[in-house]
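This report looks at enclosed space inside a protein model. The sequence and structure come first, then the cavities in turn.

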Amino acid sequence: MLSTLTKPIACWQQEYNTGNSQVDGQHQQLFEIVNALHDAVVARQNIYTIQELLEALANHTIEHFQTEEALMMAVNYPDYDRHKHTHDYLLSKVDRLLLKFRDRNTEAVTTELTQFLTEWLAHHIKGEDQKMIQFFQNQ
């Protein structure tokens with residue numbers, strides 16, 4: 001578990017639980033990474049630390065989305081294309097951010113970014129993921 005120095009920006013709430021332990025565990029890991037990234041930005045840590053956290057965020061996001069997409073495909077989830085599109089949107093945003101950061105555009109990583117990630121995760125979990133899990137449970 002990653003430790004936080006500041007008040008966490010991404011706070012896990014019971015309403016985010018989907019009932020799928022694998023999905024919920026991955027969501028919680030993403031929250032931890034966003035909080036660690038936020039801490040690093042606020043503390044103005046070195047670029048290598050921030051890049052490492054961005055790469056961890058990208059890798060965990062890819063892994064999580066692959067998990068969800070495999071679950072959806074296994075049951076022929078009717079909203080698969082729309083749900084995958086939301087995944088692709090976030091991945092493209094994270095990829096662009098990593099490219100900027102690797103080019104030493106360190107201004108690309110701000111507290112506004114960590115706020116965006118927090119809001120995106122909460123909205124996505126409470127909307128798309130809850131609908132997806134409800135569909136699974138009704139099968």
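How do the residues of the lining of the largest cavity divide into nonpolar, polar and charged? Five are nonpolar, one is polar and none is charged.

## Overview

The model is predicted. A search of the whole structure finds two cavities of 30 Å³ or more. The largest holds about 40 Å³ of space. The second largest holds about 30 Å³.

## The largest cavity

The lining consists of L30, L57, T61, L90, L117 and L121. T61 is the polar residue here, because Thr falls outside the nonpolar and charged sets. The leucines make up the nonpolar part.

Two helices each supply at least two residues of this lining: helix 2 (47–74) and helix 4 (111–138).

## The second largest cavity

Which residues line the second largest cavity? They are H27, L30, H64, F65, W120, L121, H124, I125 and D129. This lining divides into five nonpolar residues, three polar and one charged. D129 is the charged residue, because Asp counts as charged. The histidines H27, H64 and H124 count as polar.

Helix 1 (21–42), helix 2 and helix 4 each supply at least two lining residues. Helix 4 gives the largest share, with five residues.

## Shared residues

L30 and L121 appear in both linings. Helix 2 and helix 4 also serve both: each supplies at least two residues to the lining of the largest cavity, and each does so again for the second largest.

How values were computed:
Residues are numbered from 1 along each chain as its sequence is written. This is a predicted model: local features need pLDDT of at least 70, side-chain atom pairs count only at pLDDT 80 or more; totals for chains, interfaces and linings use all residues. Side-chain values use heavy atoms; hydrogens and water are left out. On a 1 Å grid over the protein atoms alone, a cavity is a set of points where a 1.4 Å probe fits but cannot get out, and a pocket is an open set with protein on both sides within 12 Å along at least five of seven lines; lining residues have an atom within 4 Å of a point. Grid points are joined across faces, edges and corners, and a volume is the space filled by probe spheres set on the points. Helices (H or I, at least four residues) and strands (E, at least two) are DSSP runs, numbered from the N terminus.
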